[in-house]
Amino acid sequence: LKEKARDNIAAIRALKQIESENREATEAEKALLARYAGWGALPNIFHPYPPPEWRDLAVEVRNLLTGDEYDSARGSTPNAHFTSPAVVRAMWRALQRLGLPPGAQVLEPSMGAGHFFGLMPEALLPGARRTGVELDSLTARIAKKLYPDATIFAKGFEETALPDNFF
């Protein structure tokens, strides 16, 4: 878990550097951003009195995030779930077997950092239109840097206006 926390911190540092320079992420930076796993398994970082073994990481996160980012990240701990690459690949194989064609309109309603987009099979990519929705603004910003060709909404799915019968 501490390795995940350190990866998250490294990804946030990279994101903030990229944003401060108002540019796209390099491939090396995308590799850092892709290791961002969210905060679902890391509630100790946000505890008002973190356990001693989490204290340094908790202070680092508190200093790295703005107040709004911190509140949003802390609020995500009960329901930010990481989906393993094995499960993501299996889902894509199932969609292909069900007939999903290249160029499809794909919706990821709770995308996190976008691992479903990142593991989309090459055969489906030509002409694909990918749309993602992510409640946590920091996570959505990471996804936008990872997938600049996608349309990503930083808001709750229930608040996102999407066209009928599009996906």
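Okay, let's begin with one residue: at 82% relative accessibility, Asn165 counts as exposed, because the cut-off for that word is over 50%. Keep in mind that this is a predicted model. Where does Asn165 sit? You'll find Asn165 in the segment that follows β3. There's something else about Asn165: its phi is positive, about 55°, even though it is not a glycine.

Now hop over to Asn22. Asn22 also isn't a glycine, and its phi is positive too, at about 50°. Look for Asn22 in the loop that links α1 and α2. Buried or exposed, then, for Asn22? With a relative accessible area of 71%, Asn22 is exposed.

If you carry on from that loop you get to helix α2, and that's where Glu29 lies. What is the relative accessible area of Glu29? The value is 14%, and since buried means under 20%, Glu29 goes down as buried. So who touches Glu29? Skipping its neighbours within four places in sequence, Glu29 is in contact with Ile18, Arg23 and Glu24. And here's a pair to find on the screen: Glu29 and Gly114 sit 85 residues apart in sequence, and from C-alpha to C-alpha they are 15 Å apart in space.

Right, on to the sheet. How many strands does it have? There are 3 strands, in an open sheet with the order β1-β2-β3, and the pairing is parallel. At the edges you have β1 and β3, each of which pairs on one side only. Ignoring direction, neighbouring strands here are turned by 15° against each other on average. A quick reminder for anyone new to this: strands of a sheet pair through backbone hydrogen bonds, and they can do that parallel or antiparallel.

Let's go through the pairs. Between β1 and β2, which run parallel, there are 4 bridges. β2 and β3 are joined by 3 bridges, again in the parallel sense. You can trace this straight across the sheet, residue by residue. Start at Leu107, which stands opposite Thr131 in β2. From Thr131, step over to β3 and you land on its bridge partner, Thr151. Now try the row with Glu108: opposite Glu108 you find Gly132 in β2, and opposite Gly132 you find Ile152 in β3.

What about the two faces of β1? Along this strand, residues 105-108, the side chains alternate. Val106 and Glu108 point to one face and are buried, while Gln105 and Leu107 point to the other face and are not buried. And how many residues of β2 are buried? That would be 4 of its 5, so to speak a mostly covered strand.

Next up, helix α7, residues 137-146. Of its 10 residues, 7 are buried, so this helix is largely enclosed by the rest of the structure. The buried ones in α7 are Leu138, Thr139, Ala140, Ile142, Ala143, Lys145 and Leu146. What do they pack against? Their partners are α1, α2, α4 and β3. While you're looking at a helix, remember that an α-helix has 3.6 residues a turn, so residues three or four places apart point the same way.

Last topic: pockets. The largest pocket has a volume of about 590 Å³. It is lined by 31 residues, and the ones closest to its centre are Ala80, His81, Ser110, Gly112 and Glu134. Which helices each supply at least two lining residues? Those are α4, residues 67-76, and α6, residues 115-118. The largest share comes from α4, with 3 residues. Sorted by class, the lining of this largest pocket has 13 nonpolar, 13 polar and 5 charged residues.

Then there's the second largest pocket, with about 150 Å³ of space. This one brings us back to the sheet: β2 and β3 each supply at least two residues of its lining, and β2 gives the most, with 3 residues. Among the lining residues are Arg129, Arg130, Thr131, Thr151, Phe153, Phe166 and Phe167. The classes here come out as 7 nonpolar, 2 polar and 3 charged. Notice Thr131 in that list; we met Thr131 earlier, opposite Leu107. That's it from me, thanks!

Note on methods
Residues numbered from 1 in each chain as written. Predicted model: local features only at pLDDT ≥ 70, side-chain atom pairs only at ≥ 80, totals over all residues. Heavy atoms only, no water. 1 Å grid on protein atoms, 1.4 Å probe; cavity = no way out; pocket = protein on both sides within 12 Å on 5 of 7 lines; lining within 4 Å. Points joined across faces, edges and corners; volume = space filled by probe spheres on them. Nonpolar A, V, L, I, M, F, W, Y, C, P; charged D, E, K, R; others polar. Buried < 20%, exposed > 50% of the residue type's maximum accessible area, 1.4 Å probe, protein only. Pairing = 2+ DSSP bridges. Axes fitted to C-alpha atoms, helices over the stretch in contact; angles between N-to-C directions. Contact = heavy atoms within 4.5 Å.
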